[in-house]
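Student: Could you take me through a close look at one part of this model, the open sheet and what packs on it? After that, I would be glad to hear about the helix pair, the cysteines and the unusual backbone spots.

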Amino acid sequence: MRLFIDYVFAIATPPLIICNKSMTTFVQISVNIPAISGVFDYQLPPELEGKVGIGTLVTIPFNNQIVQGVILRFLDKPSVAVTKSVVDLLDPLPVLTPAQIALAERMAEQTLNPLAAMVGLILPSGLSQQADTEFGNRDWEMGVGESPIEFSKIQKRLLSLLQKCGSLRGRQIDRHFKHVDWRQSAQALVRRGILSSKSVLPAPKVRPKFIRTAQLAVPPDFAEESMSSLGKTEATQKRRAAALQFLMREADAIAVTWVYAESGCNLADLQILAEKDLISLRETEIWRDPVEKVKVEEAESDAWVLTPAQEEAMREVYSSFAESQTRPILLHGVTGSGKTEIYIRAAQEAIRRGGQALILVPEIALTPQTVRRLLARFPGQVGLIHSKLSQGERYDTWRRARAGSLKVVIGPRSALFAPLPKVSLIVLDEFHDGSYHQTEPPFYDAVKAAQIYAEINGAVCILGSATPPIDLMYQAKSALTHSRSARISLSRKAGEGEQAKRRGGEGAFALVELPERIAKRELPPVQVVDMRTELKSGNRGIFSRALKDALSQTLARNEQVILFLNRRGTATYIFCRDCGHTLKCPRCETPLTLHMSNPSPTRGGGRGGGLQCHRCNYTRQMPKTCPECKSEKIRAYGLGSERVEDEVNVLFPDARVLRWDWDTTRTKDAHELILNHFTAHRADVLVGTQMLAKGLDLPLVTLVGVVLADVGLNLPDPFAAERVFQTLTQVAGRAGRSERGGRVLLQSFEPEHYVVQHASRHDYANFYVHELEYRRRLGYPPFANLVRLEYRHRDPITAEEETRIMAASLEELLATENRKETTIIGPVPCFFSKVDGIYRWQIIMRGPKPESLLRGRELRGWRVEVGPISLL
């Protein structure tokens with residue numbers, strides 16, 4: 001682990017923006033309670049004058065509790081007559097930069113989320129804590145004073161839990177009462193005097209990590225002379241001498257655990273040596289750095305020869321750095337066209353100019369490859385942030401970013417909030433991917449947030465993809481058309497033509513194309529296999545004859561195969577052939593999926609046989625008879641990634657098979673373990689779900705088989721076709737990324753569908769035209785904007801009634817404001833109408849700016865999503 005010197009850290013940290021006046025100082029604070037809207041004014045106590053600044057984390061009184069808050073700005077005069085006082089300072093350095101505060105405010109305005117929720121997104125995990133309620137017994141025991149009959153079942157469980165465990169916080173009790181609303185029962189017990197309750201603010205879970213180190217404190221000659229007088233017994237003398245000799249060989253301070261291991265000594269021995277002034281013992285802080293264990297085989301050459309298209313792309317990048325006001329660059333490059341090299345060179349330019357770079361990837365699965373390439377170019381300057389790291393690793397990376405000691409930070413969408421002091425470049429790779437959208441409150445789109453953050457910082461923003469979203473490509477092409485028109489009209493004026501070309505439409509994109517793969521490699525040919533014909537010919541297996549033959553030939557050549565199916569499990573539904581009953585989740589009313597494997601990162605694991613709901617994780621055993629008619633003709637139908645893995649093992653028993661899906665990647669470093677195994681050719685076949693369509697570079701893969709290309713194609717969602725096209729195009733792009741070449745087989749029951757046809761030809765341009773006309777006819781983005789309002793309740797009648805009341809209110813508002821261009825779709829139940837025992841109803845607002853109707857309205861209890869990527 002990396003050691004560091006405290007004073008270096010102190011010097012490198014950004015300065016506080018402090019207001020220090022002789023009179024009372026007032027501050028505006030965002031309260032760390034996500035549901036709270038607005039900001040609140042407080043005063044600083046005398047002991048904190050001159051110690052706090054913009055962006056610092058403090059504790060404050062709020063209602064009847066103590067909570068965290070972030071100082072947004074200093075005030076000359078508060079907006080209220082009486083202000084409460086800040087209680088304490090939690091971190092002497094700012095936890096938010098001024099640019100991050102501006103980002104939070106802009107995101108709150110755009111997404112209709114409370115500002116506190118946006119600030120909470122940016123605060124580092126572990127440091128941010130929210131107030132909770134602690135419940136405890138009032139010296140009361142079951143059966144004394146009250147009859148147990150008077151308690152409900154939930155109250156009995158709660159009393160029993162508190163008697164067993166003592167006082168517990170609300171979030172701790174939640175773990176024991178999953179899917180149960182216990183809080184009303186607890187409050188009833190509090191009112192009866194049986195339970196006590198009080199507000200508590202948990203302490204931050206993370207702090208710097210220190211280890212005890214030892215270092216030689218005298219010249220080696222002097223230490224050698226002292227060897228004979230280190231202990232009274234021979235064993236003691238031997239241990240201490242061995243410890244001293246080990247430290248004589250080490251130039252720097254070293255962890256005492258290493259000294260123990262090398263010499264057999266203990267802490268008492270080292271303390272004696274320290275008392276003799278032979279060594280120094282001290283507490284030294286260490287960085288918990290997740291990239292330290294990443295192995296970089298060799299540094300990549302900066303002399304990489306760019307293709308003409310890459311050179312043109314870099315000219316646009318350099319131009320963007322040179323201009324003070326820039327448009328985001330939409331980098332549309334086919335798979336394998338060298339987009340990553342553009343990102344790396346852009347990062348080099350940002351660093352050369354004294355700035356730092358944020359590089360976002362859609363999945364944790366992509367970070368190992370990206371980290372290795374960046375570490376080769378920027379050794380010791382790269383930080384990694386994602387959810388599978390420990391809180392300590394994330395906290396230390398966050399602190400190093402705040403101190404400016406990192407030049408590049410990589411990670412999924414949360415890495416956007418790394419507190420780099422001078423952000424000069426923001427890159428979003430595969431920016432079409434749905435994982436850039438947060439699908440749980442607070443909703444936000446990291447692609448839009450990145451553009452806002454780049455504007456605030458004056459940074460260059462690059463959005464790269466082989467399959468850009470239709471709406472953003474439309475904006476880019478519209479800007480290009482505007483740019484050409486402007487260039488013609490301005491060409492008569494000397495020197496203005498190039499400026500028109502560069503700027504185009506206001507607030508739009510600079511479109512840059514990479515139409516070919518590097519090294520003159522061709523995109524892999526794609527063969528579409530009609531599975532209806534396979535069925536007619538008697539083949540009822542999951543693999544067509546063409547795919548089986550291709551698998552056999554590829555494995556015989558000692559090359560690698562990817563088999564893609566965007567479904568988990570072994571079978572996707574359980575069906576009784578006598579009465580037609582389908583086993584569904586009792587909490588979600590969706591079909592249960594059969595899982596036959598116990599997940600393991602590198603193998604399928606042991607055999608099981610459990611049914612699982614992929615929405616709420618409900619599980620049960622596979623029944624032997626139908627629950628409805630007791631028939632034994634209950635069977636599992638459909639297929640998932642586990643079934644594909646099993647089928648490959650049966651057909652090719654000598655092949656080494658890995659499975660890469662959500663079930664095999666739950667543990668830390670599982671993604672990297674699987675990827676390393678496959679990259680090192682310790683496996684021949686990689687079976688997986690959507691993780692395989694995320695920009696992986698696997699040179700030995702010469703065959704990609706899409707087991708079922710139709711998955712998700714016919715969902716009742718206007719964005720379904722685009723998602724399937726993007727997935728198929730991306731996964732097909734994993735083949736043929738070396739001189740070996742490659743091929744792709746798409747198996748489909750709808751081979752004539754325009755999505756399958758365009759994906760089989762790697763034809764984004766014609767898919768774009770086809771899909772754009774479809775959106776134009778239906779009035780969906782980019783020809784209108786959407787807002788989705790969802791109401792949830794455990795009572796289906798309440799859910800419907802509340803949604804209908806809101807819809808009527810919105811219709812009345814539209815009529816009052818004469819918003820004829822804005823329409824309402826619904827209210828209707830969501831496609832997945834029940835999830836985890838909660839019923840879901842939704843309203844879709846469609847128009848030029850539908851969110852403007854909701855701004856400032858009370859929307860408590862509603863989930864509001866501006867610009868949704870799915871209407872399911």
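Tutor: Happy to; we will begin with the sheet and then move along to the other features.

Please keep in mind that this is a predicted model. The sheet is open and is built from six strands, which follow one another in the order β6-β3-β2-β5-β4-β7, with mixed pairing. At its edges sit β6 (84-85) and β7 (88-89), each of which pairs on one side only. In general, strands of a sheet pair through backbone hydrogen bonds, and they can do so in a parallel or an antiparallel way. Now look at β2 (residues 26-31) and β5 (residues 65-75): they run antiparallel and are joined by six bridges. If you want a place to put your cursor, try V27, whose bridge partner in β5 is F74. Helix α3 (residues 115-122) packs on this sheet and touches both β2 and β5. The direction of α3 makes about 80° with that of β2.

Next comes the helix pair. The axes of α11 (residues 308-322) and α12 (residues 339-352) come within 10 Å and cross at roughly 30°. Angles under 35 degrees count as roughly parallel, so α11 is roughly parallel to α12. The crossing of these two helices, α11 and α12, is right-handed. On the α11 side, the residues that meet α12 are Q310, A313, M314, V317, Y318 and F321. Facing them from α12 are E341, I342, R345, A346, E349 and A350.

What about the cysteines? A disulfide is a covalent bond between the sulfur atoms of two cysteines. A search of the whole structure finds zero of these bonds. C576 is in no disulfide, and the nearest cysteine sulfur, belonging to C629, is 3.6 Å away. The cut-off for a disulfide is a pair of cysteine sulfur atoms within 2.5 Å. With a relative accessibility of 1%, C576 counts as buried. C613 is likewise in no disulfide, and its nearest cysteine sulfur is that of C585, 3.7 Å away. C613 is buried too, at a relative accessible area of 0%.

Last, the backbone. Most residues other than glycine have a negative phi, and most peptide bonds are trans. With that in mind, have a look at four places. P781 and P782 are joined by a cis peptide bond, with omega about 20°. You will find P782 in the loop between α24 (764-778) and β34 (785-793). The peptide bond from G826 to P827 is cis as well, and its omega is near 10°. P827 has its place in strand β35 (residues 823-835).

The other two places concern phi. K520 is not a glycine, yet its phi is positive, near 55°. K520 belongs to the loop between β22 (510-514) and β23 (526-530), and it is exposed, with a relative accessible area of 79%. N617, also a residue other than glycine, has a positive phi of about 70°. The loop that holds N617 runs between β27 (607-612) and β28 (619-621). N617 is partly exposed, its relative accessible area being 45%.

Methods: Residues are numbered from 1 along each chain as its sequence is written. This is a predicted model: local features need pLDDT of at least 70, side-chain atom pairs count only at pLDDT 80 or more; totals for chains, interfaces and linings use all residues. Side-chain values use heavy atoms; hydrogens and water are left out. Helices (H or I, at least four residues) and strands (E, at least two) are DSSP runs, numbered from the N terminus. Buried means under 20% relative accessible area, exposed over 50%, partly exposed in between (1.4 Å probe, protein chains only). Two strands pair if DSSP finds at least two bridges between them. Contact means heavy atoms within 4.5 Å. Axes are lines fitted to C-alpha atoms, for helices over the stretch in contact, and angles run from 0 to 180 degrees between N-to-C directions. Angles under 35 degrees count as roughly parallel, over 145 as roughly antiparallel, 65 to 115 as roughly perpendicular and the rest as oblique. A crossing is left-handed if the near helix is turned anticlockwise from the far one by less than a right angle, and right-handed if clockwise.
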